[in-house]
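Reader: Got a minute to go through this one with me? I'd like to start with the charges.
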Amino acid sequence: MAARMKFICDTERCIDCNGCVTACKNENETPWGVNRRRVVSINDGVPGEHYISVACMHCTDAPCMAVCPVDCFYHTEDGIVLHDKDMCIGCGYCYFACPFGAPQFPQTGAFNHRGKMDKCTFCAGGPEPDNSEAEFQKYGRNRISEGKLPACAEQCGTKALLGGDANIIAKIYEARVETRGYGPELWGWDIAYKPPKDGEIKARGDGPRPNQDLDDFQNNPRKLPT
């Protein structure tokens with residue numbers, strides 16, 4: 001089954017505010033030591049530093065699902081990867097299989113007692129009845145059943161984190177890339193946050209960009225905005 005619901009994080013817009021982390025924690029009231037979403041620094045402390053918000057990517061061919069010995073993982077009709085905590089035995093196989101570090105285990109309790117695994121649910125709850133108290137206690141709020149976006153994506157101040165139908169958010173990101181520039185000067189502040197001239201993209205691919213000066217790029221430390 002092809003996955004439909006996806007996250008995309010635009011590293012050129014992420015400012016490491018950790019608002020998505022806080023929103024997720026507050027919305028789902030996750031236990032101590034469990035962070036369903038986190039922000040990772042790339043090239044920390046050097047020119048060109050970037051940030052990316054990471055959580056479960058709800059893979060079509062999910063490795064956590066492949067290694068789980070009790071088959072507690074399942075796909076929803078929207079392609080969201082969820083799991084049944086009543087079936088989970090806390091073995092930790094999913095934790096080691098996931099390349100994104102999505103599965104989390106509580107940090108409380110005796111040493112070597114993992115407890116039930118927890119992870120990002122795309123704010124879609126779990127196998128309990130929608131919006132029930134049991135669902136909230138085990139999996140957090142089910143915003144998808146309410147017709148809303150995941151809390152992390154909805155609150156992102158720079159709209160770096162996009163969540164929703166994969167085809168729609170891919171089109172949004174594609175438009176951003178086409179607008180920003182070309183070649184090594186792909187990302188420019190004057191382009192990333194401003195609409196193209198005359199309301200449309202004048203050039204695509206490797207052609208000239210009339211709305212960008214050559215050699216103008218975001219990560220030039222002398223040209224960062226104040």
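Reader: What's the nearest side chain of opposite charge to aspartate 84, and how far away is it?
Author: Lysine 138, 5.8 Å away. Aspartate 84 is buried (under 20% relative accessible area, 1.4 Å probe, protein chains only) yet has no salt bridge, meaning a side-chain nitrogen of Lys or Arg within 4 Å of a carboxyl oxygen of Asp or Glu. Bear in mind that this is a predicted model, where local features need pLDDT of at least 70, side-chain atom pairs need 80 or more, and totals for chains, interfaces and linings use all residues. Numbering starts from 1 along each chain as its sequence is written, and side-chain values use heavy atoms, without hydrogens or water.

Reader: Which backbone nitrogen lies 2.9 Å from a polar atom of that aspartate 84 side chain?
Author: That of aspartate 86.

Reader: And which residues does aspartate 84 touch, leaving aside neighbours within four places in sequence?
Author: Cys72, Tyr74, Pro127 and Tyr139 are in contact with it (heavy atoms within 4.5 Å).

Reader: Switching topic: how many residues of helix H1 are buried?
Author: Seven of the ten in H1, a DSSP run (H or I, at least four residues), so the helix is largely enclosed by the rest of the structure. Among the buried ones are Cys20, Cys24 and Glu27.

Reader: What comes right after H1?
Author: Glutamate 29, with a positive phi near 50°.

Reader: Last one: what sits over the ring of phenylalanine 7?
Author: The charged end of arginine 37, 4.5 Å from the ring centre. The rule asks for NZ of Lys or CZ of Arg within 6 Å of the centre and within 35 degrees of the ring normal.

Conventions
Buried < 20%, exposed > 50% of the residue type's maximum accessible area, 1.4 Å probe, protein only. Lys, Arg positive; Asp, Glu negative; His and termini not counted. Polar contact = N/O pair within 3.5 Å; in protein donor to acceptor, adjacent residues only side chain to side chain. Helix = DSSP H or I, 4+ residues; strand = E, 2+ residues; numbered from the N terminus.
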